[in-house]
Amino acid sequence: MPIRCALFVGSTRTVRIGPRVAAYVQQQMEHRGFEVDLLDPVTTHDGFFMKLMEKPAFHYREGETVPAPLVDVSNRVKAADCIAVVAPEMNHTVAPGLANMMSYFGASAYAFKPSGICVYSAGLWGGARAGVALRPFLSELGCLPVSSMLHIAKAQSQFKEDGGVVELVTEKTCERMLDQLEWYSHALKTHKDQHGAPSQSYFEQIRGKR
């Protein structure tokens, strides 16, 4: 069975290169046999996830009508074996559009899956500070990041609208990140298929005992 990846796009600006960077990462993943489900807040469900989150999927009570986009994307994230994010650095931290979309879904959708980080910027640091900020964010969701990150410096030069040349360091760093993501995805998927998840939800295991 191929590894299924939910690939989140983090940029929501009117003028953006995020989709071109994401297309590159998706292409590299598909060359390895991944099945990639692209989740872009601008285009997924006609921009439903461009709205500032007021009520996450897991806050709906039994009997309440959950919006169809939440049901659909929640099921897609849960079906994934791993998570990947492609995001710009904004104000030295995580892009708000990415945090907003991913926060619609609780740890039950992300838990016990590996994640890969691709960050980019127009400057020399390649979104490194956003990458650092994404590590605790993704860890708290339950999808622990692999150690290697893809940092893309001067992304506007490598991913032009009419083409551009991807630098060798970008290719090699992407390869290294995907090597790790693929290995961990297979390992965790195999173990979960054989043994299941190791614990109940937080509310069942911790708060339910009070």
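## A pocket, a helix and a few cysteines

The lining of the second largest pocket is made up of six nonpolar, four polar and three charged residues. Here Ala, Val, Leu, Ile, Met, Phe, Trp, Tyr, Cys and Pro count as nonpolar, Asp, Glu, Lys and Arg as charged, and the others, Gly among them, as polar. This is a predicted model, in which local features need pLDDT of at least 70 and side-chain atom pairs count only at pLDDT 80 or more, while totals for chains, interfaces and linings use all residues. Residues are numbered from 1 along each chain as its sequence is written, and side-chain values use heavy atoms, with hydrogens and water left out.

Back to the pocket. Its 13 lining residues include R13, I17, P88, Y120 and A122, which lie nearest its centre, and the space inside is about 220 Å³. A pocket is an open set of points on a 1 Å grid over the protein atoms alone, where a 1.4 Å probe fits, with protein on both sides within 12 Å along at least five of seven lines; lining residues have an atom within 4 Å of a point. Points are joined across faces, edges and corners, and the volume is the space filled by probe spheres set on them.

Next, helix α7, residues 168–195 (helices are DSSP runs of H or I with at least four residues, strands runs of E with at least two, numbered from the N terminus). Its 28 residues should span 40 Å at 1.5 Å a residue, and the end C-alpha atoms are indeed 40 Å apart; the expected span is 1.5 Å times one less than the number of residues. Buried residues of α7 include T170, C174, M177 and L178, where buried means under 20% relative accessible area, exposed over 50% and partly exposed in between (1.4 Å probe, protein chains only). The buried residues of α7 pack against β1, α1, β3, β4, β6 and α6, with contact meaning heavy atoms within 4.5 Å. After α7 comes G196, with a positive phi near 80°.

How many disulfides does the structure hold? It holds zero, a disulfide being a pair of cysteine sulfur atoms within 2.5 Å. Two cysteines illustrate this:

| Cysteine | Closest cysteine sulfur | Relative accessible area |
|---|---|---|
| C82 | C5, 3.7 Å | 0%, buried |
| C143 | C82, 9.8 Å | 0%, buried |

Finally, F112 has a positive phi of about 60° although it is not a glycine. F112 sits in the loop between α4 and β4 and is partly exposed at 33% relative accessible area.
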